[in-house]
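Colleague: Got a minute to go through this model with me? I'd like to start with one helix and then wander a bit.

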Amino acid sequence: ARGAISPCADMQRLRRLLPPAPLAGLQRHCFAGVVGFAGGATLGLVGWGGGQMIIPGMTHQYMALNQLAATGVSLFSLSLSSISSSVRFATSDSACLVTAASIAIPSIVTARFGTQLASRLSNDALEFAFNSLSLVMIPTHLYIQQRRHAQQLAQPPPPTSTGAAAAAAGAP
């Protein structure tokens, strides 16, 4: 009959409407590798954001992990890459180890409480917490950067070693 749609065409249209099945095997590991590449690059470049790349990647329909499993994958993978990156920063004198320890010690303790709380929350509650904190933290970070930049512009420039300062120091 004219205008009739074949069962094969119906099936193709239905496949386009359904989300793809989670990847398996090598494809799954390759997708995870791409997510890890983006997360590691972000973490190494600016010191944060690995979780903002890894968790959405792991909860994506291709990986189909729940929020708790994605958080575990993110924390474990970022811990390993953080150790590598932090050694590089420390050996190039770009990290204050006392400040880092002042942050690390309480965060180790509170991360344990956060892990216990996460294991008790539903997937929807964890997704809401992740998304809410991301929405709050990114604008907060931008505000802090802008404020620091404005304060730096408002400070007078340091004195130069020429002129009166040089004469006071006994320069010829």
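Modeller: Sure, we can take a helix, a ring pair, a glutamine and a pocket in turn.

Modeller: Bear in mind that this is a predicted model.

Colleague: Okay, helix α2 then. How far apart are its end C-alpha atoms?

Modeller: They are 32 Å apart. Helix α2 covers residues 25–46, and at 1.5 Å a residue its 22 residues should span 32 Å, so the two values agree.

Colleague: Which residues of α2 are buried?

Modeller: Val35, Gly39 and Leu43. Looking down the axis of α2, these buried residues fall within an arc of 75°, so they line one face of the helix.

Colleague: What covers them?

Modeller: The cover includes α3 (50–59) and α4 (67–91).

Colleague: And which exposed residues sit on the face of α2 turned away from the buried side?

Modeller: There you find Leu26, Gln27, Val34, Phe37 and Leu45.

Colleague: What happens just after α2?

Modeller: Gly47 comes there, with a positive phi of about 85°.

Colleague: Switching topic: how many aromatic pairs does the structure hold?

Modeller: It holds 1. The partners are Phe31 and Tyr62; their ring centres are 5.4 Å apart and the planes stand at 90°, so the pair counts as edge-to-face.

Colleague: Where do the two sit in the chain?

Modeller: Phe31 is in helix α2, while Tyr62 is in the loop between α3 and α4. They are 31 residues apart, so the pair links distant parts of the chain.

Colleague: How exposed is Tyr62?

Modeller: Tyr62 is partly exposed, at a relative accessible area of 30%.

Colleague: Now Gln67 in helix α4. Buried or exposed?

Modeller: Gln67 is buried: its relative accessible area is 5%, and the cut-off for buried is under 20%.

Colleague: What does Gln67 touch, not counting residues up to four places away in sequence?

Modeller: Its contacts are Ile55, Thr59, Asn123, Leu126, Glu127 and Phe130.

Colleague: Last one, the pockets. What volume does the largest have?

Modeller: About 1700 Å³. It is lined by 49 residues, and those closest to its centre are Trp48, Gly51, Gln52, Leu75 and Leu78.

Colleague: Which helices each supply at least two residues of that lining?

Modeller: That would be α2, α3, α4, α5 (97–120) and α6 (123–154).

Colleague: And which gives the most to the lining of the largest pocket?

Modeller: Helix α5 does, with 14 residues.

Note on methods. Residues numbered from 1 in each chain as written. Predicted model: local features only at pLDDT ≥ 70, side-chain atom pairs only at ≥ 80, totals over all residues. Heavy atoms only, no water. Helix = DSSP H or I, 4+ residues; strand = E, 2+ residues; numbered from the N terminus. Expected span 1.5 Å × (residues − 1). Buried < 20%, exposed > 50% of the residue type's maximum accessible area, 1.4 Å probe, protein only. Arc of directions from axis to C-beta. Contact = heavy atoms within 4.5 Å. Phe/Tyr/Trp six-rings, centres within 6.5 Å; stacked < 30°, edge-to-face > 60°. 1 Å grid on protein atoms, 1.4 Å probe; cavity = no way out; pocket = protein on both sides within 12 Å on 5 of 7 lines; lining within 4 Å. Points joined across faces, edges and corners; volume = space filled by probe spheres on them.
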